[in-house]
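Morning, everyone. I have one structure to walk through today, so let's put it on the screen.

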Amino acid sequence: MTRAASWAILLLGLTYFILPLLGMIEFSLSMRRGEYSFDAYVAVLGDPQFRQTFSYSVMMALLTIVFGMLLVVPTAFWVRLKLPHLRPVIEFITLLPLVIPAIVVVFGYIRLYNTSSWLPLTGSVLGTNLLLMFGYATLSLPYMYRAVDTGLRTIDVTTLTEAAQSLGAGWITILGRIILPNVLVAVLSGAFVTFAIVMGEFTMAALLNRPAFGPYLQLMGANKAYEPFALATIAFIITWACMGLIQLVTRFTKHDKAAR
Amino acid sequence: MTFLTISRLEKSFGANRVVKDFNLEVEKGEFISLLGPSGCGKTTVLRMVAGFELPSAGRITIAGKDVSRLRPNHRNIGMVFQAYALFPNLTVAQNVGFGLKVKGAPAREIAARVAEMLALIGLPEMGERYPYQLSGGQQQRVALARALAPKPQVLLLDEPLSALDAKVRVSLRNEIRAIQRELGITTIFVTHDQEEALSMSDRIVVMHQGVADQVGTPFDIYNRPATRFVAGFVGTLNTLTAQVIDPASGHVRVGGSDLVLGRALPGGEVVLGLRPEMLRLGAEPGMASLTGTITELDFLGSVIRLRLDLGDQRLAVDLFNTTRATPPRVGDSVTLALDPADALVIGA
């Protein structure tokens, strides 16, 4: 392939991806007739509902990340260390959220945990928030598990664990001081994907009737012209900021250059 | 008094018995090597002492305490691994101090011990480096320092030199032995390299198919092998089938030559083991002799290795290279002298 053809394909690809984004950004700046302005952004950022739903979703995203880490890191570690024969089964389970629609999952939750069930989580705000967080963790499971598992693959889990054990370390020390720091970049990449999923998630939050950012996006899209595009641009910037953070963390992790 | 005792140790993985009735008594400060080919069970024994595998049967006691069922982090055992196993996220100093930190030692004590250990391994300036910034030999020294820092009762070395190049391997094995002698720490060393085992150990355990075939000093293992496997595995050994002519005097016939071993032998056929370096070129008074034809000659620098046809049997001979002697040539018929006492009669 000639150099010119390579450039042409690259430009075509860039155009395919960037042009719609440029259109979206351009439209979000066109609220004021005849000139570009940030009016749509000012309107969105000044909306108390935006601040409320955005901070709710950020909080839920952080809780989901913490819960996901506590669930996935020890599980993936244990599977690698003691149950390698169960890896295909665990991988299959972690892939299920990709094939089971969120609406099915949330209806299952509502049936199982409604106010007349043995565990009436939907009967209180705290319980519903907890349920929503579990739902988010389920949705992000394929990405989180894969990211952590890939991170664990880059280190000799068994030998490092045995070395730490021979030095007197227990399981919590091994996980917290040896395994987690060595897969931190992988965990963070899973965490940022989780963050992006939670920030845009609509189905679960809407059906559990929680004031999340996803339903707010949908509400704005149904009722306003320019603000949804400003919101989409903000969401897009958040996603790219997350990806940039992954790169930064990778770059500033000194030991990441280690020969493993 | 015995410091570490392993008695009737067994380990099975499913139907596969990898360690069978293994017994060993180790004195305090002794350096013991477990030597054997891949799959002989030596690493499994070491891992059971470390606590990474639970024995199927048997007992391990350290300083009189039964540790057979104790978790690895409660055994106070230091271990060095083949793959170094340094924690990549920690600096050299943090790696060395890890065991002490886990024990909750004060920071000042940790810093002092880390400095002492780094000085011991000859890397006093490397404390702030990360493992990836060190060579393989340096990494293994740090792994040794890390294992020794918490003052373990026993040091276990699982083929620590296998991943290093030949030159580093020789210098590091001398260092390990010197450090072990200096600290007087009881050490079990696993290796499949007989030269390492012979040069470093107080005693060697030669393992074969999960069983300790022979336990002895390097001298005994090399010069007085108890079994055919030990004789063949440790060093190079010529095995020759000999026809016993007179069992009482040990008169045998090998490839057309007669030898009188001067010790009683069973009747019929016996297998003789001859080390290549025990044979010398030319007949010597008072020595037994063998006659053969040179079929191959390899010049190895300090040693010239000959291969001879001895009737229908083959024999390797190592001669020291000297500038005075003219080396023989392929096709020459030569006489070899040997002290009958050097000929091993190999059992099972």
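How many residues of chain A are in contact with residues of chain B? The count is 22 residues of chain A against 21 residues of chain B. Before I go on, keep in mind that this is a predicted model.

Stay with the chain A side of that interface. Two elements each give two or more residues to it: helix 7, residues 157-166, and helix 8, residues 171-182, both of chain A. Which of them gives the most? Helix 7 of chain A, with six residues. By class, the side of chain A that touches chain B has nine nonpolar, eight polar and five charged residues.

Now chain A itself. It has 12 helices and zero strands. Read from the N terminus, every element in the run is therefore an α, as the string α-α-α-α-α-α-α-α-α-α-α-α shows. Along the principal axes, the C-alpha atoms of chain A fill a box of roughly 70 × 65 × 30 Å.

Two helix pairs in chain A are on my list. I'll take helix 7 first, since we just met it. Its partner is helix 3 of chain A, residues 48-81. The two axes come within 9 Å and cross at roughly 100°. That angle makes helix 3 of chain A roughly perpendicular to helix 7 of chain A. Who makes the contact? From helix 3 of chain A, it is A:F77, A:R80 and A:L81. From helix 7 of chain A, it is A:V157, A:T158 and A:T161. The classes for this contact of helix 3 with helix 7 of chain A are three nonpolar, two polar and one charged.

Second pair: helix 4, residues 87-99, and helix 6, residues 125-153, of chain A. Their axes are 7 Å apart, at an angle of about 130°. Why call that oblique? An angle of about 130° is over the 115 limit for roughly perpendicular and does not reach the 145 limit for roughly antiparallel, so helix 4 of chain A is oblique to helix 6 of chain A. The crossing of helix 4 of chain A past helix 6 of chain A is left-handed. Helix 4 of chain A brings A:T94, A:L95, A:P97 and A:L98 to the contact. Helix 6 of chain A brings A:T138, A:L139, A:L141, A:P142 and A:Y145. Seven residues of this contact between helix 4 and helix 6 of chain A are nonpolar, two are polar and none is charged.

Over to chain B. UniProt, in an unreviewed entry, places the feature "domain: ABC transporter" at residues 4-234 of chain B. Over that stretch the chain is 36% helix and 27% strand. The end C-alpha atoms of residues 4-234 of chain B are 25 Å apart.

Start with a hairpin. Strand 1, residues 2-13, and strand 2, residues 16-27, of chain B pair in the antiparallel sense over eight bridges. B:S12 stands opposite B:R17. Two residues lie between these strands of the hairpin, and B:G14 in the turn has a positive phi of about 65°.

Next, a helix pair in chain B. Helix 2, residues 92-102, and helix 4, residues 136-148, have axes that come within 7 Å and cross at roughly 30°. That makes helix 2 of chain B roughly parallel to helix 4 of chain B. Their crossing is right-handed. On helix 2 of chain B, the contact uses B:V92, B:N95, B:V96, B:F98 and B:G99. On helix 4 of chain B, it uses B:V142, B:A145 and B:R146. The split for this contact of helix 2 with helix 4 of chain B is five nonpolar, two polar and one charged.

Last, two open sheets in chain B. One has five strands in the order 13-12-11-14-20, with antiparallel pairing. Its edge strands are strand 13 (257-260) and strand 20 (344-345) of chain B. Inside it, six bridges join strand 11 of chain B to strand 14 of chain B. B:T241 has B:V271 as its bridge partner.

The other has five strands in the order 15-19-16-17-18, also antiparallel. Which strands stand at the edges? Strand 15 (280-281) and strand 18 (313-320) of chain B, each with a single partner strand, so one side of each lacks a neighbour in the sheet. Strand 17 of chain B, residues 303-310, runs antiparallel to strand 18 of chain B, with eight bridges. There, B:R307 stands opposite B:A316.

Note on methods: Residues are numbered from 1 along each chain as its sequence is written. Chains are lettered from A and ligands numbered from 1 in the order in which they are written. This is a predicted model: local features need pLDDT of at least 70, side-chain atom pairs count only at pLDDT 80 or more; totals for chains, interfaces and linings use all residues. Axes are lines fitted to C-alpha atoms, for helices over the stretch in contact, and angles run from 0 to 180 degrees between N-to-C directions. Helices (H or I, at least four residues) and strands (E, at least two) are DSSP runs, numbered from the N terminus. Angles under 35 degrees count as roughly parallel, over 145 as roughly antiparallel, 65 to 115 as roughly perpendicular and the rest as oblique. A crossing is left-handed if the near helix is turned anticlockwise from the far one by less than a right angle, and right-handed if clockwise. Two residues are in contact if their C-beta atoms, placed from the backbone, lie within 7 Å. Ala, Val, Leu, Ile, Met, Phe, Trp, Tyr, Cys and Pro count as nonpolar, Asp, Glu, Lys and Arg as charged, and the others, Gly among them, as polar. UniProt positions are given in the numbering used here, feature names are shortened, and annotations may be inferred rather than shown by experiment. Two strands pair if DSSP finds at least two bridges between them.
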